[in-house]
Amino acid sequence: MLKRMESYQFKLFQCCIPVKGIKNGIIVDFQRKIIHKVPNQIIDIIEEYSQKNIYDLFADYNASKKILKSYIRYFLDNELIILSNEISAYPAISNDFFNPVILDNICIEIEKESIYLDNFLRLEVNKLGLNSIKIILINNDIESLIKVLDILEDSKIKAIALYLEYNEEILLQLELIIKDNPRILDVVFYNFNDQIENYNSSEKLSFEKSPIEEVLYGKTIENLNSFVLDIDLYNEALKYNLMFNKTLFIDSLGNIKKYKEDLNIYGNIQKDEINEIMLEQDFNLFWRVSKDQIDVCKDCEFRYICPDNRIPYKVDSEELSYKFKTTCNYDPYQGKWN
């Protein structure tokens, strides 16, 4: 079969994208949501001979012809490559990324004293283009939560996540709130140290022993199933941070930060325009801390499909170099999971 096809040109399908790490490489089939592990040398050959004849490839690598044939067969069997005499009819898809909204997600703390939030939620949520919101409920103030949910009822918000400390007395009440608000997709109890017996929990509820800071920003990738195989997110990850791009944090006093632990305050929603704050260079630079700028991550083959939620910290104030304070479960230098 391959003998008859040696005159054909070849290239990867548009939805199949190769990524090289420092030790290993992958080809991500975004259409079928599959990761194929391949050596970096094979990716180099694919990129060098893309849109050329298979015959030329075999002629130049005659000593490795048997191995290359096995890879070509694998690529054909898994529909990763196109074979055609008119390969130019299959143009590459654009890697451009554009998100028209000012903000995609915000994380807010709410409690009884947070009355300033009312106007912000009523007037700014739709204007900013928010798709989702994370709500940290301080002191388990259910009354304030119900008020906020009522305000958001007519908004364009698509997804709501709740974070609160576990309290057995409010479980039933929360179940009713979830039922009445289908946009609540996640309810996370943090600082959880109890045992739940004979309770048929909603699948939307999860229980974490860690404090809220670790729940929000301390989780690393656990295994291959943790990766997100979405072409739009891939394009975003080429230039931006998947966790923090177009996001901000608003504390219980209305102070605007990049994230909860941020020592800098960039304004307050009671007196400052978020649009203007978003133009500040420090905010924009943080959004643009892609995995290519983060130590270790920049050498990982999974960097563009990784939804890691850890906070990147600057290594050198003069250079755009960052690192995480914790170690990932995957070691790209060994190509192994810890």
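V296 sits in the loop that runs between α12 (281-287) and β15 (313-316). In this predicted model, V296 comes out at 37% relative accessibility, so it counts as partly exposed, given that the label covers the range between under 20% (buried) and over 50% (exposed). V296 also has company at the surface: together with I22 and Y333, V296 makes a nonpolar patch of about 260 Å².

Then there's the largest pocket, which holds about 1200 Å³ of space. Its lining takes in 44 residues, and those closest to the pocket centre are K134, Y163, M243, P307 and N309. By residue class, the lining splits into 22 nonpolar, 13 charged and 9 polar residues.

As for where the lining of this pocket comes from, quite a list of elements each put in at least two residues. On the strand side these are β7 (105-110), β8 (132-137), β9 (159-165), β10 (184-190), β11 (205-207) and β12 (247-250); the helices α9 (212-217) and α10 (231-237) do likewise. The largest share belongs to β9, with 4 residues of the lining.

Over at helix α2, which covers residues 40-49, the buried set consists of N40, I42, I43, I45, I46 and Y49. Just past the end of α2 comes a backbone detail to look at: Q51 adopts a positive phi, at about 70 degrees.

Methods: Residues are numbered from 1 along each chain as its sequence is written. This is a predicted model: local features need pLDDT of at least 70, side-chain atom pairs count only at pLDDT 80 or more; totals for chains, interfaces and linings use all residues. Side-chain values use heavy atoms; hydrogens and water are left out. Buried means under 20% relative accessible area, exposed over 50%, partly exposed in between (1.4 Å probe, protein chains only). Patches are made of residues with over 30% relative accessible area and no salt bridge: like charges are joined within 9 Å, nonpolar side chains (Val, Leu, Ile, Met, Phe, Trp, Tyr) within 5 Å. Accessible areas come from the Shrake-Rupley method with a 1.4 Å probe; for residues, only the protein chains shown count as cover. A salt bridge is a side-chain nitrogen of Lys or Arg within 4 Å of a carboxyl oxygen of Asp or Glu. On a 1 Å grid over the protein atoms alone, a cavity is a set of points where a 1.4 Å probe fits but cannot get out, and a pocket is an open set with protein on both sides within 12 Å along at least five of seven lines; lining residues have an atom within 4 Å of a point. Grid points are joined across faces, edges and corners, and a volume is the space filled by probe spheres set on the points. Ala, Val, Leu, Ile, Met, Phe, Trp, Tyr, Cys and Pro count as nonpolar, Asp, Glu, Lys and Arg as charged, and the others, Gly among them, as polar.
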